[in-house]
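User: I would like to go through the packing and overall dimensions of this chain. Please keep the answers brief.

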Amino acid sequence: MQMEYIPENTNIAVIGGGNIGTQFACACASKGYKVNVLSSRPELFDGILETVDELGNVTTGRLNKASSNMADVMDGCRLIIVTHPAFRLKEIADQMKPYIQKGLDICVIPGTGGAEFVFRKCVEKGAVLSGLQRVPSVARLEEYGKRVRCEGLRSELFLASMPAGRAEGLSGFMSHIWEIPCSPLPNYLSVTLTPSNPILHTARLRVLFADYEEGRVYSRNPLFYGEWDDASSELLLKCDEELQNLIRILDKLDLHEVRSLKIHYESDTAEAMTRKLRSIRSLHDLASPMKQAEGGWIPDFQSRYFTADFPYGLAIIEEMAEILGCDAPNIRDTMNWYRRVTRDFSRFDLRNQGIHSIDDIYRMYEKNG
């Protein structure tokens, strides 16, 4: 770990007191860092946080403070860890912007969802933006402001930065916090195009609710992963291959760590993928994003599975494929299914972000700092 990130001179602000925020705040505090948490309910924090793993081991961390005021939380902090879902990132970036100073680190967990566009003005003011490809583990709150259960810690993490080439120091910090390797990635696009929730959740939802029409009520809420089926795997693998085709076009950028899900899950057929996803213990019992209604269950379109993973996840991949002229019919059809059932016809227009061509993509993501 680089000296600049030792507890004596690195105060940390964690933006968000939910699952991931509580997990990170506790982990950092347990290592001796002075940690502030931004929460809409600061009164529920009593100063002590706990995480418990699948073996029942408890880690304890003492917070410096919890507050609902951004200026108060960021004051004196060197590292800002943002744990809100993608649809809230712009709001968070706008709140943070007045307090940005040169050299401040902002790390988004996970870093997908267009964070590089949302925090661009913060970067222009001298901040360094980083993002993890994936969260360290599954985290579920047991009591808000106090305790979170974490299962399935990954064997490795990957982190990218913008400007590119600035990820090494924070990667060392993450390795220290989680006691697992964290490797720096060559560019932030390696995070943005990660085939995690933006493909995993969206493919499953399209298959799970393929017959949904307004007024349709389901008799039960199936397990999202525990009852994963081959049809979901088939669509997932098709979307994954379309993403890999897009990556092949961007051959001037080092995207070797945007690994196909076939490699990530060691499953190259639909049947193997289904077995793999059903077998992940930490995910097995998660319910699908549904809510009870008269007569049964209906999709919960306010779940972040819908509000984040489609319009701020898969939509970015869809837009990039269109700009590159890369045929991606399964990704496009999945986005169109989402638009039809939710009536959300908004678009993540990369052209509004100054990206009109492959050269614009290269200029944005190449090493420049």
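User: Which residues touch the most other members of the largest nonpolar core?

Analyst: The model is a predicted one. Its largest nonpolar core holds 89 residues. Within that core, the residues touching the most other members are Val82, Met96, Ile106, Phe119 and Leu193.

User: Which helix gives the largest share of this core?

Analyst: The chain has 15 helices and 14 strands. Nine residues of the core lie in one helix, spanning residues 310-324, and this is the largest share. That helix is α13.

User: Which residues does Leu193 touch, leaving aside those up to four places away in sequence?

Analyst: Contact here means heavy atoms within 4.5 Å. With residues up to four places away left out, the partners of Leu193 include Ile317 and Met320. The full set is Leu243, Leu246, Ile247, Leu250, Leu255, Val258, Ile317 and Met320.

User: How many residues are in the second, separate core?

Analyst: Tyr5, Ala27, Phe45 and Phe173 are among the members of this second core. Its residue count is 33.

User: What radius of gyration does the chain have, and how does that compare with a compact globule?

Analyst: For 369 residues, a compact globule would have a radius of gyration near 21 Å, so the chain's value agrees with that expectation. The C-alpha atoms fill a box of roughly 55 × 50 × 35 Å along the principal axes. The radius of gyration of the chain is 20 Å.

User: What percentage of the residues count as buried?

Analyst: Buried means under 20% relative accessible area. The chain exposes about 15,800 Å², with carbon and sulfur atoms supplying 45% of it. Of the 369 residues, the buried portion is 56%.

Definitions and conventions
Residues numbered from 1 in each chain as written. Predicted model: local features only at pLDDT ≥ 70, side-chain atom pairs only at ≥ 80, totals over all residues. Heavy atoms only, no water. Core = buried A, V, L, I, M, F, W, Y, C linked by side-chain atoms within 4.5 Å. Buried < 20%, exposed > 50% of the residue type's maximum accessible area, 1.4 Å probe, protein only. Helix = DSSP H or I, 4+ residues; strand = E, 2+ residues; numbered from the N terminus. Rg over C-alpha atoms; globule rule 2.2 N^0.38 Å. Areas by Shrake-Rupley, 256 points an atom, 1.4 Å probe, with all protein chains shown as cover.
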